[in-house]
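Let's take a walk through this one together. Have the sequence and the 3D view open side by side as you read.

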Amino acid sequence: MEVLKEKVEEEEEAERAERAERAERAEKMMRPMEVRKEDTTRTQEMLRDLERKLSEIEVSIPEKSSTFTKDAIDTSKLPLSYQSNTPKEEHLLQVADNFSRQYSHLCPDRVPLFLYPVNECNVPKFVSTTIRPTLMPYPELYNWDTCAQFVSDFLSAVPLPDPLKPVVKEEEKAPPKKYAVKPPRDLTSRFEREQEIKRQEGVKAEEEKRLKQGERLAEQESAKTDPLHGLRVHSWVLVLSGKREVPESFFIDPFTARSYSTQDDHFLGIESLWNHKNYWVNMQDCWNCCKDLVFDLGDPVRWEYLLLETDKPLLSLTEEEDDGTNDDDDAENLGKEDEDKSFDMPCSWVEQIEISPEAFETRCPNGKKVIQYKRARLEKWAPYLNNNGLVCRLTTYEDLECTKILEIKEWFQNREDMLELKHINKVTGLNIDYFKPGHPQALRAHSYTSMQPEMDRVMEFYEKVRVDGLIKREETPRTMTEYYQGRPDLLSYRHVNFGPRTKKLALNSAESNPRPVVKITERFFRNPAKPADEDVAERVFLILDERIQLRYHCREDHLTASKREFLWRTEGDSKGNKIIMTPDMCLSFEVEPMEHTKKLLYQYEAMMKLKNEEKLARHQAWESELEVLEILKLREEEEAAHALTISIYDTKRNEKSKEYREAMERMMHEEHLWQAEAQLDYLAPFLAQLPPGEKLTRWQAMRLKDECLSDFKQRLIDKANLIQARFEKETQELQKQQQWYQENQVTLTPEDEDLYLSYCSQAMFRIRVMEQRLNRHKELAPLKYLALEEKLYKDPRLVELLKVFV
């Protein structure tokens with residue numbers, strides 16, 4: 001920089017001498033010419049002054065990024081493009097440096113531009129060359145939302161050492177001196193220091209106690225102001241409208257994968273933006289955040305570009321500017337337009353992005369990612385990393401120290417029980433399990449505080465899958481309420497009240513000791529095929545009182561509905577005969593009395609039908625109890641096993657596919673070994689029997705040929721016998737197992753049956769493989785024998801001696 005200043009001063013002195021000589025000549029010239037000369041001299045002085053000021057501006061180039069260290073990356077294995085710059089990249093850095101100096105001169109109040117930070121190898125690289133568009137073979141990355149989610153899983157937010165600068169230079173630590181002066185002796189009182197520590201601990205304890213109070217903490221947080229509001233540095237993605245059916249521009253936060261409107265209050269301003277083609281500086285005022293910004297990058301007034309692009313046109317001219325009045329100026333500037341002032345962006349220096357299927361499935365680094373929020377903690381795992389299928393867990397806390405848990409949400413994938421979400425509330429003890437369609441019991445959700453039977457719980461079902469159309473079942477220790485939809489009998493509601501058990505048995509013994517039913521209430525949807533006075537809306541079975549109450553649907557033009565009550569008498573007369581139906585056994589209120597409803601025969605038939613309905617309702621309540629016990633038992637087994645589903649195309653995790661692939665690999669290996677053996681010298685064992693150096697005779701050649709063919713034939717027979725023996729052994733073992741199963745089928749447990757079926761499946765697979773190998777060996781053995789015979793006749797050591805026999 002000092003050399004540059006001296007050179008500028010020398011040029012200024014030379015120019016002053018020239019101006020003095022020109023001043024003497026200018027006295028003889030006309031006044032207008034003197035004015036033009038003075039203007040030209042003044043303009044040149046202004047340019048030199050501007051050049052001198054620009055040269056004095058120093059733009060700091062960051063040397064080291066805070067996001068990585070040399071220890072974390074082995075720079076010796078990186079490509080050459082990471083470790084050096086091409087001439088075109090050096091030219092681009094010079095252009096960027098010149099642009100940065102002019103920007104700092106014209107906008108001294110704005111922060112320096114983020115143009116060319118250093119990479120892993122401490123080499124400055126222009127930010128646009130760091131971007132390399134790559135087409136990936138995963139359809140999930142074609143849309144912005146799933147692509148942003150994939151990128152956010154790989155990123156981890158690390159606070160900057162300086163929140164006002166994107167890259168901070170690390171301070172160099174001075175090396176420790178070998179010889180140093182000892183510090184002076186500490187003469188402070190240890191007792192006073194301990195008392196001060198105790199006092200500070202007491203103050204800290206009082207402060208923590210005060211902060212734990214919820215109302216005061218909320219007031220402090222709401223009243224707390226951010227001194228760095230609007231000054232922090234952040235980076236995000238801008239998606240411009242126009243292409244790929246994007247109706248309007250929007251922002252994407254790369255750390256959360258969330259989209260925001262350009263009118264959102266979270267975004268306070270934009271310094272610059274870039275892509276793989278160019279770099280633009282925002283010249284608009286951000287007093288109203290980003291709400292009033294115009295994202296037309298072709299407008300040079302609002303967006304100052306770094307490189308002159310040739311493929312993107314600027315704003316269209318108005319009719320007045322394009323009416324052909326400036327033809328003379330165009331003719332004068334025709335030669336200037338022919339000069340190409342554009343500069344193409346160099347190719348990206350980064351390697352092409354390659355994501356293997358394993359890395360794409362793993363997502364987060366090492367398959368796990370933890371994000372700490374205020375009073376919350378988010379954990380993510382790759383699929384199949386946890387044996388229970390857990391892929392995400394969100395834990396919320398009551399305090400800022402994250403010691404008191406409020407609730408936990410866990411998301412699962414690939415579960416055989418179709419469990420999708422588990423919501424655990426630590427305050428109330430309520431657990432809610434959500435299931436995808438496909439559960440054996442058609443469960444949609446299960447809310448409970450305990451897995452013990454006859455406790456408070458709510459079960460929701462997929463009603464289209466169930467035959468009975470059950471939507472929801474609510475259970476308490478003394479009641480059970482069920483809701484239905486789409487039943488042929490139009491049943492919509494059933495409420496069952498239970499009484500105390502007479503026998504003290506286990507709660508899970510409803511089949512042998514059901515709870516006594518004391519009351520059943522059923523409600524029905526309106527049946528348009530029946531009159532409202534004959535269509536039952538609600539019926540109540542009072543089992544202990546031996547009464548049945550009916551309430552019918554109300555007509556559209558009426559305010560009240562008909563009601564009927566039956567009194568059931570089980571006692572007989574003195575002779576043991578049943579009581580005959582009497583009028584006092586049916587009490588009714590009819591909005592419009594009908595003659596046939598008053599007849600005793602009609603009432604008796606209706607009462608007998610209702611009595612059968614009562615028995616059916618009690619039986620259905622008992623079946624509901626058994627189903628609840630079955631679901632609870634099934635859920636306990638599913639939680640203990642937490643088996644995962646594996647696709648048949650996943651050859652790494654599917655055991656059957658893995659066994660088949662390994663069997664095929666063994667067959668290929670044996671085939672390769674046979675081919676390797678075939679390439680060996682097949683005459684070497686037989687030639688070793690002859691004396692060394694002795695010339696072969698025709699008779700010896702014939703004997704060698706016959707012995708070689710005989711030995712090869714015997715090897716083929718031995719191999720066939722070996723495969724046949726293994727085949728018969730596996731068949732006999734399978735028959736023994738089948739006979740054992742027939743003899744002990746009645747006493748087998750489900751686990752023994754599963755083991756037997758698994759053995760049969762594996763044995764049949766091995767038998768099929770050996771059968772295929774045996775058949776293949778029988779087909780290829782004659783061909784191999786003929787091929788060896790042909791090789792013997794063409795062998796250069798025997799061909800002359802065996803010509804006469806061909």
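**A helix, a core and a small sheet**

Just after α11, His642 takes a positive phi of about 35°. Before going on, note that this is a predicted model, where local features need pLDDT of at least 70 and side-chain atom pairs count only at pLDDT 80 or more, while totals for chains, interfaces and linings use all residues. Residues are numbered from 1 along each chain as its sequence is written, and side-chain values use heavy atoms, leaving out hydrogens and water.

Now back up along α11 itself (helices are DSSP runs of H or I, at least four residues; strands are runs of E, at least two; both are numbered from the N terminus). It has 42 residues and spans 61 Å from first C-alpha to last, close to the 62 Å expected at 1.5 Å a residue (that is, 1.5 Å times one less than the number of residues).

Next, look at the largest nonpolar core (buried Ala, Val, Leu, Ile, Met, Phe, Trp, Tyr and Cys residues joined through side-chain atoms within 4.5 Å); buried means under 20% relative accessible area, with a 1.4 Å probe and protein chains only. Of its 33 residues, Met459, Ile520 and Phe566 touch the most other members. Several elements each supply at least two residues, including β14 (457-461) and β18 (517-524), but α11 gives the most, with seven.

Finally, find the open three-stranded sheet, ordered β4-β5-β6 with antiparallel pairing (strands pair if DSSP finds at least two bridges between them). The edge strands are β4 (272-274) and β6 (303-305), each pairing on one side only. β4 and β5 (residues 279-282) are joined over three bridges, and Leu273 stands opposite Trp280 in β5.

Notes: Buried means under 20% relative accessible area, exposed over 50%, partly exposed in between (1.4 Å probe, protein chains only).
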